[in-house]
Amino acid sequence: MKKDNYMSWHTYFMSIAVLSSFRSKDEKTQNGACIIDKSNKIIGIGYNGLPRGCSDDDPHYWEDDDDDILRSKHTYVVHAEKNAIYNCNSHDISHAKMYITQFPCNTCAQAIIQVGIKKVIFLRKKKHSHHSSLNQAVKKMFKDSQVKIIAYKELNIKDTFYLDALEKTKSLY
């Protein structure tokens, strides 16, 4: 087998995060996460979705009115990062890595720090200007707690075509 004919670990784990995001019913923001232990074993995956017992078919949960807290999906949706952490169950996730499709919000950053994850690799950041202050807060918390955050593109990975192909299939639906 040619050396460049296989998928790197980084692309493999980020692809699993992207694939997990396909499960999300959120039409606007589909995010996924994948947690890896020190031995490169997958110990948790998640996507943004509703808490158990809350029906995905109830349109009330998916409303997009951020001016009314009871009509905002942000009140109800559990983020991919937290779902991945919750899905780890009894695994030791201290010193683990997390691959996520989007730069984490402040409350997900808090959860990441609290469980001892030490490296976060993200695929993209939200472009809205109102997120820049929150992003700065996340960077500060990560720096102070010694969590390394890396943009996937900064890894200079040569096999991104796998991930690009997966992202293209997402846009078909």
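Is Trp-9 buried or exposed? I looked this up before anything else, and Trp-9 is exposed, with a relative accessible area of 51%. My scale is this: buried means under 20% relative accessible area, exposed means over 50%, and partly exposed is in between, with a 1.4 Å probe and protein chains only.

**Ground rules.** I am working with a predicted model, in which local features need pLDDT of at least 70, side-chain atom pairs count only at pLDDT 80 or more, and totals for chains, interfaces and linings use all residues. Residues are numbered from 1 along each chain as its sequence is written, and side-chain values use heavy atoms, with hydrogens and water left out.

**Aromatic rings.** A pair of aromatic rings is described by the distance of the centres and the angle of the planes. I count rings of Phe, Tyr and Trp (its six-membered ring) as a pair if their centres lie within 6.5 Å; planes under 30 degrees apart are stacked, over 60 edge-to-face, and the rest tilted. By this rule I found seven aromatic pairs. One of them joins Trp-9 and Tyr-12, which meet edge-to-face at 6.1 Å centre to centre with 70° between the planes. Both residues belong to helix H1 (residues 9-21), where they are three residues apart, about one turn of the helix. For the record, helices (H or I, at least four residues) and strands (E, at least two) are DSSP runs, numbered from the N terminus. Tyr-12 is partly exposed at 36% relative accessibility.

I then turned to Phe-13 and Tyr-99, whose ring centres are 5.5 Å apart with planes at 45°, so this pair is tilted. Phe-13 is in helix H1 and Tyr-99 in strand S3 (residues 97-102), so the pair ties together parts that are 86 residues apart in sequence. Phe-13 is buried, at 0% relative accessible area, and Tyr-99 is buried, at 0% too. Trp-9, Tyr-12, Phe-13 and Tyr-99 form one aromatic cluster.

I also noted a charge over a ring (NZ of Lys or CZ of Arg within 6 Å of the ring centre and within 35 degrees of the ring normal). The charged end of Lys-125 sits over the ring of Phe-103, 4.8 Å from the centre.

**Nonpolar cores.** Which residues of the largest nonpolar core touch the most other members? They are Ile-35, Ile-85, Met-98 and Ile-117, out of 22 residues in that core. At least two residues of this core come from each of strand S1 (32-36), helix H3 (80-86), S3, helix H4 (106-115), strand S4 (119-124) and helix H5 (132-144). By a core I mean a set of buried Ala, Val, Leu, Ile, Met, Phe, Trp, Tyr and Cys residues joined through side-chain atoms within 4.5 Å. In soluble globular proteins, nonpolar side chains tend to be buried together.

I listed the contacts of Ile-85 (heavy atoms within 4.5 Å). Leaving aside neighbours within four places in sequence, Ile-85 is in contact with Ile-35, Ile-93, Met-98, Ala-111, Ile-112, Val-115 and Ile-117. There is also a second, separate core of 15 residues, which includes Ala-17, Ile-36, Ile-150 and Ile-157.

**Two positive phi values.** Asn-40 is not a glycine, yet has a positive phi of about 65°. I found Asn-40 in the loop between S1 and strand S2 (42-47), partly exposed at 23% relative accessibility. Gln-146, also a residue other than glycine, has a positive phi near 60°. Gln-146 lies in the loop between H5 and strand S5 (148-151) and counts as exposed at 64% relative accessibility.

**Three helix residues.** Ser-20 lies in helix H1 and is buried at 9% relative accessibility. Leaving aside neighbours within four places in sequence, Ser-20 is in contact with Gly-32, Ala-33, Ile-45, Gly-46 and Tyr-47.

Lys-73 is in helix H2 and is buried, with a relative accessible area of 4%. Not counting residues up to four places away in sequence, Lys-73 touches Asp-26, Lys-28, Thr-29, Tyr-61, Trp-62, Glu-63 and Asp-64.

Thr-75 is found in helix H2 and is partly exposed, at 37% relative accessible area. I also noted that the C-alpha atoms of Thr-75 and Phe-22 are separated by 21 Å, with their positions 53 residues apart along the chain.
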